[in-house]
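Student: I am new to this structure and would like a close look at one part of it. Please choose a single residue to begin with, and then work outward from there, explaining each term as you use it.

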Amino acid sequence: MSASLPGKRDLPASQYDLNTYWGRVRQSAEIADPRTLFVSSAGLESAKSLVSSYKQGHAQSMTPELWRAKKTVDSTLHPGQLAYDMYLLAIG
């Protein structure tokens, strides 16, 4: 999760309006995107670095690249370990 990365600045919860039904549907579809299972270790590290730089105040606004990085981090990491590893344990 992006909240576990270093930095004092919070990221926006979503790029969609979570006060509406369709905003919540789009957010759920975004987080459940199966393409995040194919992110390489280098891609994950790059996403973590980008999110950390925003949280530390180096980036001023949320860009499409930063939204993708946040999606990758939020979908792939669970505090302390990769979510993919937990999936393997659940089905194994």
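Tutor: Let us begin with Arg 26, which is partly exposed because its relative accessible area is 48%; on this scale buried means under 20% relative accessible area, exposed means over 50%, and partly exposed is what lies in between, computed with a 1.4 Å probe on protein chains only. The model is a predicted one, so local features need pLDDT of at least 70 and side-chain atom pairs count only at pLDDT 80 or more, while totals for chains, interfaces and linings use all residues. Residues are numbered from 1 along each chain as its sequence is written, and side-chain values use heavy atoms, with hydrogens and water left out.

Arg 26 belongs to helix H1, which covers residues 21-31; helices here are DSSP runs of H or I with at least four residues, strands are runs of E with at least two, and both are numbered from the N terminus. Tyr 16 stands 10 residues from Arg 26 in sequence, and their C-alpha atoms are 7.1 Å apart in space. Seen as a whole, the protein has 4 helices and 2 strands, which follow one another from the N terminus in the order α-α-α-β-β-α.

The same helix H1 spans residues 21-31, and with that range in mind we can turn to the rings. The whole structure holds 1 aromatic pair, in which Tyr 21 and Trp 22 meet edge-to-face, with 5.1 Å between the ring centres and 75 degrees between the planes. For such a pair, the rings of Phe, Tyr and Trp (its six-membered ring) must have centres within 6.5 Å, and planes under 30 degrees apart count as stacked, over 60 as edge-to-face and the rest as tilted. Tyr 21 is exposed at a relative accessible area of 54%, and Trp 22 is likewise exposed, at 60%.

Moving on, we come to the loop between H1 and H2, where Thr 36 has its place. Thr 36 counts as buried because its relative accessibility is 12%, and its side chain reaches the backbone oxygen of Asp 33 at 2.9 Å. This is a polar contact, meaning a pair of N or O atoms within 3.5 Å; within protein, one must be able to donate a hydrogen and the other to accept it, and residues adjacent in sequence count only if both atoms are side-chain atoms. Once neighbours within four places in sequence are left aside, Thr 36 is in contact (heavy atoms within 4.5 Å) with Lys 71, Ser 75 and Thr 76. Thr 76 lies in helix H3, and its side chain reaches the backbone oxygen of Thr 72 at 2.6 Å.

Asp 33 also leads us to the charged side chains. Side chains of opposite charge can pair when their charged atoms come close. A salt bridge is a side-chain nitrogen of Lys or Arg within 4 Å of a carboxyl oxygen of Asp or Glu, and the count comes to 4. One of them joins Asp 33 to Arg 35, at 2.6 Å from N to O; Asp 33 is buried at 10% relative accessibility, whereas Arg 35 is exposed at 61%. Another links Lys 70 with Asp 74, whose closest N and O atoms are 2.6 Å apart, and both of these residues lie in helix H3 (residues 64-76), 4 residues or about one turn apart. Salt bridges with shared partners also tie Asp 33, Arg 35 and Lys 71 into one network.

Helix H3 takes part in the interior as well. The largest nonpolar core has 12 residues, among them Leu 5, Leu 44, Val 51, Tyr 54, Trp 67 and Val 73, and H2 and H3 are the elements that give two or more residues to this core. Such a core is a set of buried Ala, Val, Leu, Ile, Met, Phe, Trp, Tyr and Cys residues joined through side-chain atoms within 4.5 Å. Apart from neighbours within four places in sequence, Leu 5 has contacts that include Val 51 and Val 73. Tyr 54 has a further partner, for the charged end of Arg 9 sits over the Tyr 54 ring, 3.9 Å from the ring centre; the rule asks for NZ of Lys or CZ of Arg within 6 Å of the ring centre and within 35 degrees of the ring normal.
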